[in-house]
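User: I would like to learn how to read the side chains in a model like this one. Could you start with how a residue is judged to be buried or open to its surroundings?

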Amino acid sequence: VQVVIELSTEQPVPLLALTDPLPAGLEPLDPNLATGNLAGCADCDSASWGFDHVRRRDDRIEAFAEHLAAGTHTIRYLLRATIPGSFSAPGAEALPMYSPNLFARSEVGRVQITH
């Protein structure tokens with residue numbers, strides 16, 4: 001499963017943290033491993049995202065930027081379906097670390113995994 005998140009800002013944002021909680025039944029793929037690029041996602045884990053560091057956790061993806069330039073930034077990453085079922089897909093959230101009055105959230109959704 002390829003996930004695409006677009007984040008747009010009209011002004012530069014310092015010290016931004018983006019968190020995308022993963023639905024149950026999915027786990028992140030590491031693009032540094034041979035199995036991490038199975039779907040041919042050439043832009044996955046790209047340095048052009050504008051983020052300085054990306055962490056893959058069992059339950060979420062985290063991306064951090066010391067200075068995110070104004071504009072639209074697209075993040076792509078791959079997940080592997082591990083168990084079938086219908087799961088809630090929590091929304092992603094972006095927060096500047098020292099500006100609690102600014103934030104962005106994506107929509108909540110559902111994911112259906114079948115055999």
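Analyst: Glu27 counts as partly exposed because its relative accessibility is 33%, where buried means under 20% relative accessible area, exposed means over 50%, and partly exposed lies in between (1.4 Å probe, protein chains only). Before we go further, note that this is a predicted model, in which local features need pLDDT of at least 70 and side-chain atom pairs count only at pLDDT 80 or more, while totals for chains, interfaces and linings use all residues. Residues are numbered from 1 along each chain as its sequence is written, and side-chain values use heavy atoms, with hydrogens and water left out.

User: With which side chain does Glu27 meet in a salt bridge?

Analyst: A salt bridge is a side-chain nitrogen of Lys or Arg within 4 Å of a carboxyl oxygen of Asp or Glu. Here the partner of Glu27 is Arg80, and the N to O distance between the two side chains is 3.3 Å. Arg80 belongs to strand β6 and Glu27 to strand β3 (residues 26-28), so that, with their positions 53 residues apart, the pair links distant parts of the chain, a strand being a DSSP run of E with at least two residues, numbered from the N terminus. Like its partner, Arg80 is partly exposed, because its relative accessibility is 33%.

User: How many salt bridges does a search of the whole structure find?

Analyst: The search finds six. One of them pairs Glu62 with Arg57, whose closest N and O atoms are 3.5 Å apart. Glu62 has a relative accessibility of 10%, and therefore counts as buried, whereas Arg57, at 31%, counts as partly exposed. Glu62 also forms a salt bridge with Arg60, and there the closest N and O atoms are 2.7 Å apart. The relative accessible area of Arg60 is 26%, which means that this residue is partly exposed. When salt bridges share partners, they can be followed from one residue to the next, and in this way Arg55, Arg57, Asp59, Arg60 and Glu62 are joined into one network.

User: Let us turn to the backbone. Which sign, positive or negative, does the phi of Leu15 have?

Analyst: As a general idea, most residues other than glycine have a negative phi. The phi of Leu15 is positive, at about 50 degrees, although Leu15 is not a glycine. You will find Leu15 in strand β2, which covers residues 13-21, and with a relative accessible area of 31% Leu15 is partly exposed.

User: Is Arg110 buried or exposed, and which residues does Arg110 touch?

Analyst: Arg110 counts as exposed, because its relative accessibility is 57%, and its place is in strand β10, made of residues 109-113. Touching here means contact, that is, heavy atoms within 4.5 Å. Leaving aside residues up to four places away in sequence, Arg110 touches Ser86, Phe87, Ser88 and Ala89.

User: What kind of contact does the side chain of Arg110 make with the side chain of Ser86?

Analyst: The two side chains make a polar contact, at 2.9 Å. A polar contact is a pair of N or O atoms within 3.5 Å; within protein, one must be able to donate a hydrogen and the other to accept it, and residues adjacent in sequence count only if both atoms are side-chain atoms. Although Arg110 and Ser86 are 24 residues apart in sequence, their C-alpha atoms are 7.0 Å apart in space.

Key:
Helix = DSSP H or I, 4+ residues; strand = E, 2+ residues; numbered from the N terminus.
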